[in-house]
Amino acid sequence: MTIYDISEKAGVSIATVSRVLNGSQSVSVRTRQKVLDVIEQCGYTPNAFARGLGLNTMKTIGIMCADSSDLYLAKAVYHIEQKLRSHGYDTLLCCTGYELDAKADSMNLLITKKVDGIILAGSNFVYEKEQDNRYIAEAAAQVPVMVLNAAIDTPNVYSVMSDDYTSMYKAAKEMLSGGTEDILYFYNSTSYSSMKKLSGFRAAVEESVRADSAPLIEYYQGAHEDIHAMVRHLRAVHDRGCRFQGVIAADDTLGLAAVKYASEMGYRIPEEFCVIGYNNSMLAYCCEPELTSIDNKLETLCEHLVATLFGILDGKEMPKKTVFSGEVIRRGTTRSLPPDTEQKKSI
């Protein structure tokens with residue numbers, strides 16, 4: 001029997017059950033009695049370590065990260081740890097890799113360590129098939145689970161995310177408006193976030209080009225730090241007869257590879273070839289010209305995620321999903337928009 005079971009039987013939220021157990025005065029007398037009746041009927045005994053129940057706490061949050069060598073994920077973990085530490089909380093970090101079984105094992109490990117909550121740093125923890133997300137639901141029946149940059153409709157799971165679909169849609173529209181018609185979308189993941197980006201790109205291109213022209217999309221399966229392999233991949237695309245005047249990449253590493261590819265091919269950037277990356281990481285400054293990139297507001301996401309978690313632990317009602325807008329940070333790898341386009345954007 002868990003707090004999740006009590007909330008279901010009483011027909012109230014987990015936060016309401018938590019407030020009742022905390023002795024909070026913000027719950028009506030009727031609701032309080034209903035929850036207490038269910039607790040008595042079920043013989044429920046709260047976990048003495050559960051922070052969400054307002055009892056003792058280990059003052060520790062579990063963080064799961066698929067790959068700490070990934071620049072985006074490493075930065076996310078850094079921001080999250082800094083915010084938690086400023087509130088007096090320690091962290092336990094599990095670098096899980098990308099296999100589902102390993103993620104489930106790490107989740108179970110953190111639960112046995114009696115953490116007060118679990119943060120999933122990155123969208124690759126959420127799967128399309130409902131049964132693959134069971135490990136998240138089972139953990140959320142015991143502690144709050146926070147998901148960075150993905151959404152899942154499960155009790156006691158809260159999401160803070162960037163609107164990757166709209167950001168990618170606007171970036172593609174902007175490149176098309178700047179005169180680049182044949183754009184290749186270059187990506188290397190099938191995560192929740194990556195699929196949102198891909199959908200945004202598809203929608204923009206399909207609205208803007210002729211009906212018989214399919215979007216140019218290329219999936220790279222190699223190591224995420226092997227920029228030379230990414231360049232070779234783009235060369236292979238060119239060698240098989242696919243012509244493109246620009247690349248929109250799913251992250252800045254792929255974008256950097258696209259800039260290197262264009263340079264090796266002798267294209268002038270941005271006059272003959274344009275590139276947009278994603279994440280607005282330090283890699284945007286590691287090429288010449290510097291890389292235009294989409295800022296997905298990672299630090300803001302992490303700050304809000306931690307604030308939401310502490311609200312839940314304090315027994316407050318918090319939003320299940322919060323979405324922030326990204327922003328295209330224009331640098332030297334994209335052309336300026338025509339004056340009439342700029343005017344329309346400002347209206």
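How many salt bridges does the structure hold? There are nine, and we will visit one of them on the way round. Keep in mind that this is a predicted model.

**Stop 1: the parallel sheet.** Select strands 2, 1, 3, 4, 5 and 11, in that order: they form an open sheet of six strands with parallel pairing. At its edges you will find strand 2 (90-95) and strand 11 (321-324), each pairing on one side only. Step across the sheet and neighbouring strands are turned by 15° against each other on average, direction ignored.

Now zoom in on strand 5 (residues 157-162), which runs parallel to strand 11 and is joined to that strand by four bridges. Show Ser-162 here, and you will see Phe-324 of strand 11 standing opposite.

**Stop 2: helices on that sheet.** Add helix 4 (residues 71-86), which packs on the sheet and touches strand 1 (60-65), strand 2, strand 3 (117-121) and strand 4 (145-148). The direction of helix 4 makes about 175° with that of strand 1. Then bring in helix 11 (residues 298-313), lying across strands 1, 3, 4, 5 and 11 and running at about 170° to strand 4.

**Stop 3: the mixed sheet.** Hide those and select strands 7, 6, 8, 9, 10 and 12, again in sheet order; this open sheet of six strands has mixed pairing. Strand 7 (216-219) and strand 12 (327-329) are the edge strands. From one strand to the next, the twist averages 20°.

Look next at strand 8 (residues 246-249) and strand 9 (residues 274-278), which run parallel and are joined by three bridges. Pick Ile-248, and its bridge partner in strand 9 is Ile-276.

**Stop 4: helix 10 and a salt bridge.** Turn on helix 10 (residues 252-265), which packs on the sheet against strand 6 (183-187), strand 8, strand 9 and strand 10 (292-295), at about 160° to the direction of strand 9. Within helix 10, show Glu-264: a salt bridge links Glu-264 to Arg-235, with the closest N and O atoms 3.4 Å apart. Arg-235 belongs to helix 9 (residues 227-239), and the two residues are 29 residues apart in the chain.

**Stop 5: a helix pair.** Finally, select helix 1 (residues 3-10) and helix 3 (residues 29-42), which pack at an angle of about 120° with their axes 9 Å apart. Helix 1 and helix 3 are therefore oblique to each other, and their crossing is right-handed. Show side chains for Ile-6, Lys-9 and Ala-10 in helix 1, which meet Lys-34, Val-35, Val-38, Ile-39 and Cys-42 in helix 3. Colour these contact residues by type and you get six nonpolar, no polar and two charged.

Terms used
Residues are numbered from 1 along each chain as its sequence is written. This is a predicted model: local features need pLDDT of at least 70, side-chain atom pairs count only at pLDDT 80 or more; totals for chains, interfaces and linings use all residues. Side-chain values use heavy atoms; hydrogens and water are left out. Two strands pair if DSSP finds at least two bridges between them. Axes are lines fitted to C-alpha atoms, for helices over the stretch in contact, and angles run from 0 to 180 degrees between N-to-C directions. Contact means heavy atoms within 4.5 Å. Angles under 35 degrees count as roughly parallel, over 145 as roughly antiparallel, 65 to 115 as roughly perpendicular and the rest as oblique. A crossing is left-handed if the near helix is turned anticlockwise from the far one by less than a right angle, and right-handed if clockwise. Ala, Val, Leu, Ile, Met, Phe, Trp, Tyr, Cys and Pro count as nonpolar, Asp, Glu, Lys and Arg as charged, and the others, Gly among them, as polar. A salt bridge is a side-chain nitrogen of Lys or Arg within 4 Å of a carboxyl oxygen of Asp or Glu.
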